Amino acid sequence: MSMSIEPNRINSIQTSESELEQIRSSYTKSSKSSLPDILGKVGFWLLIAFIVVYTLFPFYWAIVSSLTPTNDLFVTPVRFWPQSVTLDHYRTVFTDGGFMRALLNSAIVSFSVVVLALLLGTLGAYALGRLHFRGRTVVLYLILSMTMFPAIAILGSLFQMMQNFGAYNTLWGLVIVYLTFTLPFTVWVLTNFFRAMPAELEQAALVDGATPMRALWDILMPLAIPGMVTTALLAFIAAWSEYLYARTFTLTNSSKTVQVAIADFTGNQQFELPFAVRMAAAVVVTVPLLVGVLLVQKRIIAGLTAGAVKG
Amino acid sequence: MEPDISAVEVRPATPRTSEKKRFSAWSGPKTAVGRQQERLGWLLVLPSLIVVFAVAIYPLFETFRLSFTNQRLASVREVRNVGWENYTSLFEDDLWWTAMRNTIIFTVSSVTIEAVLGMVVALTIHSAFRGRGLVRTSMLVPWAIPTVVSSLLWDWMLNDRYGVINSIFIRLGLMADDRNFSWITNRGTAMIAVVAIDVWKTTPFMALLILAGLQIIPGDVYEAAYVDGASKWQQFWQMTLPLVKPALLVALIFRTMDSFRVFDLIYVLKQGSTDTMTVAIYTYQLLIQSSRLGAGSAAAVFIFVCIGLMVFGYSRLITVEEN
């Protein structure tokens with residue numbers, strides 16, 4: 001990518017170190033507090049506050065609504081914090097057999113998908129990242145293009161295949177289908193992790209006569225674990241949040257995932273709007289993901305960074 | 001593919017070690033050891049390749065094949081080839097073009113707003129301030145919330161009588177106190193509502209990507225511009241924007257592909273309502289709800305080709321690896 005800065009222009013500036021220091025400090029921290037400065041600062045902090053409120057408010061609102069007694073929920077004007085707190089809605093969620101079954105189904109499917117994708121993906125990524133074989137580049141391109149595959153393009157034919165194999169409305173069927181988006185992603189990400197490791201790492205082991213698989217297991221794997229944890233979390237989030245396949249390939253409570261259940265969730269109450277219970281269900285479905293993301297947030301941001309820089 | 005995942009490709013930077021050096025531990029393919037490596041390489045890749053072929057590539061070919069037949073789901077009717085009939089009837093269907101128009105409106109407006117807002121947010125967060133880490137963390141929240149859940153959150157917030165959004169608008173005096181305006185069910189505003197939800201969910205992600213691009217711009221570039229007396233505005237247009245362009249472009253293309261195949265966000269709120277029907281929803285209804293596998297496959301092929309063209313554009317921007 002070309003930079004549109006003229007290097008000559010930058011080089012031609014003749015300034016002494018002390019002058020430069022002065023400029024630098026005046027540029028980075030404005031010690032003077034004149035009115036425009038203060039207004040700028042106030043504006044800046046207002047903007048920051050707006051960003052935080054904008055990103056967090058909807059989830060805050062879901063939590064507040066899920067804790068508000070039904071009578072307080074449907075009042076005008078809206079109250080921004082609860083006057084009294086109730087756990088009734090959570091009780092409704094956790095005693096709803098269908099929803100609990102869906103939570104279990106989602107957990108089973110997501111964990112299985114992650115384990116399978118990580119197992120197959122690590123082997124494939126090791127070969128693609130560290131071994132030399134003909135056709136490697138073609139395989140890499142194939143995997144990369146698979147990461148951008150639109151699910152809707154294969155929905156119908158998958159439906160037919162699943163019916164033929166008796167996989168329709170089963171959890172194992174869903175696990176296999178979810179590999180369409182988790183496996184290429186896992187292989188691609190882990191390949192890049194393996195490639196980024198210095199070449200010298202397993203050379204010594206190989207010179208000493210270790211087999212490539214030993215080199216993978218003893219030397220590369222321990223170093224790849226942080227990358228694998230992040231990849232596993234991202235694959236888990238994708239599987240947990242998936243909706244289109246789950247909507248299409250499940251029919252009964254025995255295989256419905258939590259996203260389908262929550263979209264159809266009405267709660268037990270027949271005569272009132274189910275919003276509060278729905279919000280409680282929404283919080284229950286989201287909290288596991290948020291905990292995971294907060295635990296590895298630095299790595300996720302670093303991953304995003306690397307992705308963008310690649311340009 | 002589920003939008004969330006492609007949105008966060010974790011891609012460690014391209015390694016600095018050259019190909020030659022990286023593989024210097026291995027002998028060439030002509031030696032016995034080299035042949036062994038070659039075998040091992042294929043052996044390790046094979047399981048992944050088999051899965052990808054079985055659940056993605058084969059079904060894709062099936063979709064192509066089915067798009068030329070009159071196949072129905074779970075039907076014993078005799079299947080016959082119908083040539084291009086599915087495609088011609090697709091292109092004659094007004095609903096398909098409505099869906100296409102909606103999809104394009106949704107894609108262009110959400111991606112544009114996300115790019116502009118994302119840039120503003122990224123530039124704001126780029127400056128050093130106390131609590132910056134916390135702000136960045138908070139920005140991961142909308143991204144981590146499942147799409148279905150975020151639709152439901154906003155469905156409640158946009159509720160006509162008891163929704164918090166209408167309440168805020170009334171307090172600000174932007175809306176009359178009749179409290180009955182339903183953003184999602186009203187035909188004129190439904191699209192605005194779904195774009196707003198998508199913007200909320202994805203702008204933070206866009207901002208983080210742009211921020212990553214901003215962070216690799218060396219600081220002395222700005223010092224030089226400052227010495228030269230360039231205004232902040234000039235700095236932005238003539239330095240920041242060109243330098244952050246690669247990161248922005250990658251983010252834009254990813255978002256465009258994701259928006260084009262949008263399904264969950266809208267389907268949860270509006271199902272097949274024509275005012276917000278997208279091409280993915282149209283195809284879903286044809287394939288699954290009407291069981292018209294052949295006709296639906298033609299629509300699916302069309303979507304695949306559109307996204308394929310976008311991927312092609314994307315692949316020209318990045319380099320995988322060249323031996």
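How do the residues lining the second largest pocket divide into nonpolar, polar and charged? The lining has 17 nonpolar residues, no polar ones and no charged ones. That pocket belongs to a predicted model.

## The pocket between two chains

The second largest pocket has a volume of about 480 Å³. Its lining consists of 17 residues. Nearest the centre lie A:Y54, B:W154, B:M157, B:I165 and B:F169. Residues of chain A and chain B are thus both found there.

Helices from both chains build the lining. At least two residues each come from α3 of chain A and from α7 (147-157), α8 (164-171) and α9 (190-215) of chain B. The largest share is that of α3(A), which gives five residues.

## Cavities

Eight cavities of 30 Å³ or more are counted. Rolling a probe the size of a water molecule over the atoms shows where such empty space is left. The second largest cavity has a volume of about 130 Å³. It is lined by 14 residues. A:W61, A:T68, A:D72, A:L73 and A:R79 are the ones nearest its centre.

Two elements give two or more residues to this lining: α3 (35-67) and α4 (70-73) of chain A. Helix α3(A) gives the most, with three residues. The lining of this cavity is mixed: nine residues are nonpolar, three polar and two charged.

## Aromatic pairs

Over all chains, the count comes to 38 aromatic pairs. One of them joins A:F181 and A:Y245. Their rings are stacked, at 6.3 Å centre to centre and with 15 degrees between the planes. This pair links distant parts of the chain. A:F181 sits in helix α9 (residues 171-196) of chain A, while A:Y245 sits in helix α12 (residues 244-249) of chain A. The two are 64 residues apart. Both A:F181 and A:Y245 are buried.

A:Y245 has another ring partner, A:F249. Why does the pair of A:Y245 and A:F249 count as stacked? The ring centres are 5.7 Å apart and the planes meet at 15 degrees; planes under 30 degrees apart count as stacked. A:Y245 and A:F249 are four residues apart in helix α12 of chain A, so about one helical turn separates them. A:Y245 is buried, with a relative accessible area of 1%. A:F249 is buried too, at 0%.

The ring pairs extend into a cluster. Its members are A:F159, A:Y168, A:Y178, A:F181, A:Y245 and A:F249.

## A buried threonine

B:T63 is part of helix α3 (residues 32-66) of chain B. Is B:T63 buried or exposed? With a relative accessible area of 3%, B:T63 is buried, because buried means under 20%.

Which residues does B:T63 contact, leaving aside its neighbours within four places in sequence? In chain A they are A:A153, A:I154 and A:S157. In chain B they are B:S297, B:A300 and B:V301. B:T63 and B:V301 are 238 residues apart in sequence. In space, their C-alpha atoms are 7.0 Å apart.

## Salt bridges

The structure holds eleven salt bridges over all chains. Side chains of opposite charge can pair when their charged atoms come close. One salt bridge joins B:E38 and A:R134, with the closest N and O atoms 2.9 Å apart. This pair crosses between chains. B:E38 lies in helix α3 of chain B. A:R134 lies in the loop between α6 (97-130) and α7 (136-146) of chain A. The two ends are placed differently: B:E38 counts as buried at 13% relative accessibility, whereas A:R134 is exposed at 59%.

B:R255 forms a salt bridge with B:D198, at 3.0 Å from N to O. B:R255 is in helix α11 (residues 232-260) of chain B and B:D198 in helix α9 of chain B, so the pair ties together parts 57 residues apart in sequence. B:R255 and B:D198 are both buried. B:R255 also meets B:D258 in a salt bridge, at 3.6 Å from N to O. B:R255 and B:D258 are three residues apart in helix α11 of chain B, so about one helical turn lies between them. B:R255 is buried at 5% relative accessibility, and B:D258 is buried at 3%. Shared partners join B:E114, B:D198, B:R255, B:D258 and B:R261 into one network of salt bridges.

Notes
Residues are numbered from 1 along each chain as its sequence is written. Chains are lettered from A and ligands numbered from 1 in the order in which they are written. This is a predicted model: local features need pLDDT of at least 70, side-chain atom pairs count only at pLDDT 80 or more; totals for chains, interfaces and linings use all residues. Side-chain values use heavy atoms; hydrogens and water are left out. Rings of Phe, Tyr and Trp (its six-membered ring) pair if their centres lie within 6.5 Å; planes under 30 degrees apart count as stacked, over 60 as edge-to-face and the rest as tilted. Buried means under 20% relative accessible area, exposed over 50%, partly exposed in between (1.4 Å probe, protein chains only). On a 1 Å grid over the protein atoms alone, a cavity is a set of points where a 1.4 Å probe fits but cannot get out, and a pocket is an open set with protein on both sides within 12 Å along at least five of seven lines; lining residues have an atom within 4 Å of a point. Grid points are joined across faces, edges and corners, and a volume is the space filled by probe spheres set on the points. Ala, Val, Leu, Ile, Met, Phe, Trp, Tyr, Cys and Pro count as nonpolar, Asp, Glu, Lys and Arg as charged, and the others, Gly among them, as polar. Contact means heavy atoms within 4.5 Å. A salt bridge is a side-chain nitrogen of Lys or Arg within 4 Å of a carboxyl oxygen of Asp or Glu.
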